[in-house]
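Here's a guided look around a protein fold for anyone meeting it for the first time. Keep the viewer open and follow along.

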Amino acid sequence: MEPKLNSTASISDHRLVTARQLPSPHYDARPDADDISLLVIHCISLPEGTYGSPYVEQLFLGSLDTSPDSDFAYLDGLRVSSHLVIRRDGAVEQYVPFNQRAWHAGKSSYCGRTRCNDFSIGIELEGTDQDRYTEAQYQQLAVITAALLSHYPQLRRDRIVGHEDIAPGRKTDPGRGFDWQRYRNQLQAMENSCPEQEKL
C-alpha cells in the first residue's frame, strides 16, 4: 500500500510530524543549535540501484551487517546518518531531529565555510546519480522544503544545494537524474498555494 502524500507538512520539536521516526545513534549536537542555514540534497541506495531494501535504514541505525563475509564489509566502521530519507514511493523516514547534527555531508564546504554538517539539514532521496527520481519524491521534497523554509528562518531557497556542490570531486549526488528546475517549480507552486510559508 502506497503512503498518502501530503500537500502540507508540519514540524514539531524539530521533527517532521508525518515522518516515520527511526532514531539514529549517529548524530551529535550542533556547535550552534540556532544555526540551521543550509539544505543539502543527497541520494542513497544499498546495494546501489536496489530500492525498497532495509539496508539504508540499517546503515543509519548502526545495525547493518558489515562483517568480513558480508556484502557490506566495505562499509565497516562507517557511521553516517541523515535527517530524512524520502523513499521511491514518497514514504519519509526521520533519523535525526533537525536541531541536531546528522553525519551526512562529510568533508565539505559552502561559501568558504567548512564542516557543512554543523549548519545544514540533509535529505536523502532513495536513488542513484543516474536514475530519475519519482513524482512522489519530488512532491514530498517540495512539501518538506516549504515547511523547513517556514520553520527555520536562516534557510532560504538560494541556500539549497546538492551534495556534489559542497563536496565537488568527491561526491556526485543527487546527480544528473535530479531535475532541479522541476523541484524549484514545485517548491514555488507550494509557496504560492501556502503564502504564509513564503519568505518575505
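## Starting at D129

D129 sits in the loop between strand 11 and helix 2. Keep in mind that this is a predicted model. Is D129 buried or exposed? Its relative accessibility is 15%, so D129 counts as buried, given that the cut-off for buried is under 20%.

What does D129 touch, once its neighbours within four places in sequence are set aside? The contacts are C43, T172, D173, P174, G175, R176 and G177. W103 is another story: it lies 26 residues from D129 along the chain, and their C-alpha atoms are separated by 20 Å.

## Strand 11, on the inside

Just follow the chain back from that loop and you get to strand 11, which covers residues 120-126. Seven of its seven residues are buried, so strand 11 is largely enclosed by the rest of the structure. In a regular strand, side chains alternate between the two faces of the sheet. Here, S120, G122, E124 and E126 point one way, while I121, I123 and L125 point the other way.

Strand 11 has partners, too. Strand 5 (residues 38-44) pairs with it in the parallel sense over seven bridges, and H42 stands opposite E124. Strand 6 (residues 84-86) also pairs with strand 11 in the parallel sense, over three bridges. There, V85 has E124 as its bridge partner.

## The sheet and its helices

Now zoom out to the open sheet of six strands, whose order is 3-7-6-11-5-12 and whose pairing is mixed. Which strands are at the edges? Strand 3 (20-21) and strand 12 are, each pairing on one side only. Strand 3 pairs with strand 7 in the parallel sense over two bridges, with R20 opposite E93.

Two helices to look for here are helix 2 and helix 4. Helix 2 packs on the sheet and touches strand 5, strand 6, strand 7, strand 11 and strand 12. Its direction makes about 170° with that of strand 11. Helix 4 packs on the sheet as well, touching strand 5 and strand 12, and its direction makes about 155° with that of strand 12.

## The nonpolar cores

The largest nonpolar core has 33 residues. Which of them touch the most other members? They are I41, I123 and L148. Strand 5, strand 6, strand 11, helix 2 and helix 4 each supply at least two residues of this core, and helix 2 gives the most, with nine.

Take I41 as an example. Not counting residues up to four places away in sequence, I41 touches a long list of residues, including I123, L125, L141, I160, F178, W180 and Y183. There's also a second, separate core of 14 residues, with L46, V56, L75 and V80 among them.

## Rings that meet

How many aromatic pairs turn up in a search of the whole structure? The search finds eight. One of them is F98 with Y152, an edge-to-face pair with 6.2 Å centre to centre and 75° between the planes. F98 lies in the loop between strand 7 (92-94) and strand 8 (100-102), and Y152 in the loop between helix 2 (135-151) and strand 12 (160-162), so the pair ties together parts that are 54 residues apart in sequence. Both rings belong to buried residues: F98 has 0% relative accessibility, and Y152 has a relative accessible area of 6%.

Then there's Y133 with F178. Their ring centres are 5.7 Å apart and their planes are at 75°, so this pair is edge-to-face. Y133 is in the loop between strand 11 and helix 2, and F178 is in the loop between helix 3 (163-166) and helix 4 (180-193), 45 residues apart. Y133 counts as buried at 5% relative accessibility, and F178 counts as buried at 5% too. Ring pairs also link Y133, Y138, F178, W180 and Y183 into a cluster.

## Charges over rings

Some rings have a charged partner instead. The charged end of R88 sits over the ring of Y51, at 4.4 Å from its centre. For R113, the charged end sits over the ring of F119, 3.9 Å from the centre of that ring.

Technical notes:
Residues numbered from 1 in each chain as written. Predicted model: local features only at pLDDT ≥ 70, side-chain atom pairs only at ≥ 80, totals over all residues. Heavy atoms only, no water. Buried < 20%, exposed > 50% of the residue type's maximum accessible area, 1.4 Å probe, protein only. Helix = DSSP H or I, 4+ residues; strand = E, 2+ residues; numbered from the N terminus. Pairing = 2+ DSSP bridges. Phe/Tyr/Trp six-rings, centres within 6.5 Å; stacked < 30°, edge-to-face > 60°. Lys NZ or Arg CZ within 6 Å of the ring centre and 35° of its normal. Core = buried A, V, L, I, M, F, W, Y, C linked by side-chain atoms within 4.5 Å. Contact = heavy atoms within 4.5 Å. Axes fitted to C-alpha atoms, helices over the stretch in contact; angles between N-to-C directions.
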